[in-house]
Amino acid sequence: MKLILTQEVDGLGEPGDVVEVKDGYGRNFLLPRSLATPWTKGGEAQVTAIQRARRSREIASVEEAQTVRARLQETPVQLQAKAGASGRLFGAVTPADVATALEAAGAPSVDRRKVVIGQPIKSLGSYTVQVRLHPDVTASVDVEVVAG
């Protein structure tokens, strides 16, 4: 089955990529979750529009990504969240929360889809979060969650 990815899928590709997958994977996973659309001859215009939008959002070169990584890693990030008496959060810290806190701390703007949180953050404390800036460059950012 030939599909056009509309969102990033780990191990498969980026938005705008035309991929060949097994029928069941495409029909039962990618299409129902709107991660891809069926490939058609008229879909080439859609592919170019998706790729153009992706290029405008992405960091162009490895050198630029490394300078952004240096700025992110030296920026202290403090995130306020509601917590109970035992230090357990009401909810969890999301990648969008981390991206917003990074921007508020004076760091460069980061797309929430590029923030990777290993284990869900559900209590107060210090955590390390990964930010994928470029396929070859990943930044480690220390995030401190405090009661707010």
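In this predicted model, D136 is exposed, with a relative accessible area of 62%; the cut-off for that label is over 50%, so D136 qualifies. The residue sits in the loop between β8 and β9, and this connection is a hairpin in which two residues join the strands. A look across the chain gives a sense of distance: D136 and W39 are separated by 97 residues in sequence, and their C-alpha atoms lie 29 Å apart in space.

The two strands on either side of the hairpin are a good place to continue. Strand β8 covers residues 125-134 and runs antiparallel to β9, with nine bridges joining the pair. Two pairs of residues help to locate the register on screen: S126 stands opposite E144 of β9, and Y127 has V143 of β9 as its bridge partner. Strand β9 (residues 137-147) also pairs with β4 (residues 77-81), here in the parallel sense and over five bridges. Within that pairing, L79 is found opposite V145 of β9. In general, strands of a sheet pair through backbone hydrogen bonds, in either a parallel or an antiparallel manner.

Taken together, these strands belong to an open sheet of four, ordered β4-β9-β8-β6, with mixed pairing. Its edges are formed by β4 and β6 (115-116), each of which pairs on one side only. As a general point for anyone tracing side chains here, those of a regular strand alternate between the two faces of the sheet.

The sheet strands also feature in the protein interior. The largest nonpolar core contains 25 residues, and those with the most contacts inside it are L72, V98, L102, V115, V131, L133 and V143. At least two core residues come from each of α3 (62-74), β4, β5 (88-93), α4 (95-104), β8 and β9. Among these contributors, β9 gives the most, with five residues. A second core of eight residues, including L3, L5, V9 and L30, lies apart from this one. Returning to β9, V143 can be followed through its neighbours: leaving aside residues up to four places away in sequence, V143 touches V77, L79, V98, G125, S126, Y127 and V129.

Zooming out, the protein contains four helices and nine strands. Read from the N terminus, the elements follow the order β-β-α-β-α-α-β-β-α-β-β-β-β. The C-alpha atoms fill a box of roughly 55 × 35 × 20 Å along the principal axes. Of the contacts between residues at least 6 apart in sequence, 52% link residues at least 24 apart.

Finally, some overall figures describe the surface and its charges. Of the 148 residues, 33% are buried. The protein exposes about 8,900 Å², of which carbon and sulfur atoms supply 49%. There are 18 positive and 17 negative side chains, and the centres of the two sets are 7 Å apart.

Note on methods. Residues numbered from 1 in each chain as written. Predicted model: local features only at pLDDT ≥ 70, side-chain atom pairs only at ≥ 80, totals over all residues. Heavy atoms only, no water. Pairing = 2+ DSSP bridges. Buried < 20%, exposed > 50% of the residue type's maximum accessible area, 1.4 Å probe, protein only. Contact = heavy atoms within 4.5 Å. Areas by Shrake-Rupley, 256 points an atom, 1.4 Å probe, with all protein chains shown as cover. Lys, Arg positive; Asp, Glu negative; His and termini not counted. Charge placed at Lys NZ, Arg CZ, Asp CG, Glu CD. Core = buried A, V, L, I, M, F, W, Y, C linked by side-chain atoms within 4.5 Å.
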